[in-house]
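Reader: Could you walk me through a few parts of this model, with some care about how the pieces pack?

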Amino acid sequence: KAKTTRDSLDKATSSERNIGSRLTGVRARKRLLTDLEKSFEGYGRGPRTVLEGRASGRLEGIEGAVGELIDCDPTYIPALSAAIGGATENIVVRDAEDAIQLLKATKSGRVTFLPLSLIRPRQMNQRTLTLAREMKGVRPLKDIVSYPAHLDACAKYLLGRVVLADTMDVALEFMKASGWATRVVTLTGESLDPGGAITGGDAPRHETIFRRKRELSEV
């Protein structure tokens with residue numbers, strides 16, 4: 001009986017050590033991801049300058065970078081990053097004037113701003129939208145992302161004319177059926193342009209921004 005008790009205690013101690021070790025690793029990973037987020041790693045000099053200005057209180061009216069504001073399930077990150085591309089670093093603002101002046105004063109490069117008072121939604125024509133919602137294996141990309149409700153016009157501006165297809169074959173099928181009417185991205189990150197261009201290969205550079213934010217949330 002005494003031996004059984006000792007064995008049980010040894011197993012419990014070993015289990016606690018394993019949990020402690022895992023917890024230490026998770027905490028270290030969280031610190032790393034948090035530091036990367038706070039330093040705006042992955043953003044260019046211009047967007048980083050604006051985001052740092054917001055963080056320090058020097059700039060007001062800055063909603064944030066597109067990469068901060070739009071999110072999705074990890075399954076769809078390759079498609080989202082392919083669709084948005086460099087616009088991941090665009091800055092959504094209520095007023096861009098002060099931010100532009102800061103960029104000029106610090107010679108920090110250029111930034112594309114999306115002013116909420118000026119941005120206009122983009123949308124597919126009704127025939128293409130209906131096809132995207134009825135055809136198997138495709139859906140409007142905007143339907144699978146999340147963002148603050150007051151940024152709906154911004155989300156539509158960026159994604160309102162983009163369709164998500166499960167595979168390249170399905171994407172081509174949709175393109176033919178729609179008459180190459182709008183842009184299509186696949187789950188693995190390929191992009192088909194209405195003009196006929198197809199982009200693929202390595203993951204888009206900005207994919208790491210979306211993945212880091214999602215991983216931090218999960219951690």
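Author: A term first: a residue counts as buried when its relative accessible area is under 20%, and as exposed when that value is over 50%. Please keep in mind that this is a predicted model.

Reader: Fine, so which residues of helix α5 are buried?
Author: In helix α5, which covers residues 97–106, the buried residues are A99, L102 and L103. Viewed down the axis of α5, these buried residues fall within an arc of 100 degrees, so they line one face of the helix.

Reader: And which exposed residues sit on the face of α5 turned away from that buried side?
Author: That face carries E97, K104 and A105, which are exposed.

Reader: What do the buried residues of α5 pack against?
Author: They pack against helix α2 (45–56) and against two strands, β1 (62–65) and β4 (113–115). Just after α5 ends, K107 takes a positive phi of about 50 degrees.

Reader: Staying with α2 for a moment, is T49 buried or exposed?
Author: T49, which has its place in helix α2, has a relative accessible area of 15%, and because the cut-off for buried is under 20%, T49 counts as buried.

Reader: Which residues does T49 touch, if we skip those up to four places away in sequence?
Author: With those set aside, T49 touches L102, L103, T106 and S108. Of these, L102 and L103 are among the buried residues of α5.

Reader: Now to β4: what is L114 in contact with, leaving aside neighbours within four places in sequence?
Author: L114 lies in strand β4 and counts as buried, at 2% relative accessibility. Its contacts, with those neighbours left aside, are V66, N90, I91, V92, V93, I119, C154, Y157 and L158.

Reader: How far apart are the C-alpha atoms of L114 and P78?
Author: They are separated by 23 Å, for two residues that are 36 residues apart along the chain.

Reader: P78 brings me to another topic: at roughly what angle do the axes of α4 and α9 cross?
Author: The axes of helix α4 (residues 77–84) and helix α9 (residues 207–218) come within 9 Å and cross at roughly 140 degrees; the two helices are therefore oblique to each other. The crossing in which α4 passes α9 is right-handed.

Reader: Which residues meet there?
Author: From α4, I77, P78, L80, S81 and I84 meet E207, F210, R211 and R214 of α9. Sorted by class, the contact of α4 with α9 has five nonpolar, one polar and three charged residues.

Methods. Residues numbered from 1 in each chain as written. Predicted model: local features only at pLDDT ≥ 70, side-chain atom pairs only at ≥ 80, totals over all residues. Heavy atoms only, no water. Buried < 20%, exposed > 50% of the residue type's maximum accessible area, 1.4 Å probe, protein only. Helix = DSSP H or I, 4+ residues; strand = E, 2+ residues; numbered from the N terminus. Arc of directions from axis to C-beta. Contact = heavy atoms within 4.5 Å. Axes fitted to C-alpha atoms, helices over the stretch in contact; angles between N-to-C directions. Parallel < 35°, antiparallel > 145°, perpendicular 65-115°, else oblique. Left-handed = near helix turned anticlockwise from the far one by under 90°. Nonpolar A, V, L, I, M, F, W, Y, C, P; charged D, E, K, R; others polar.
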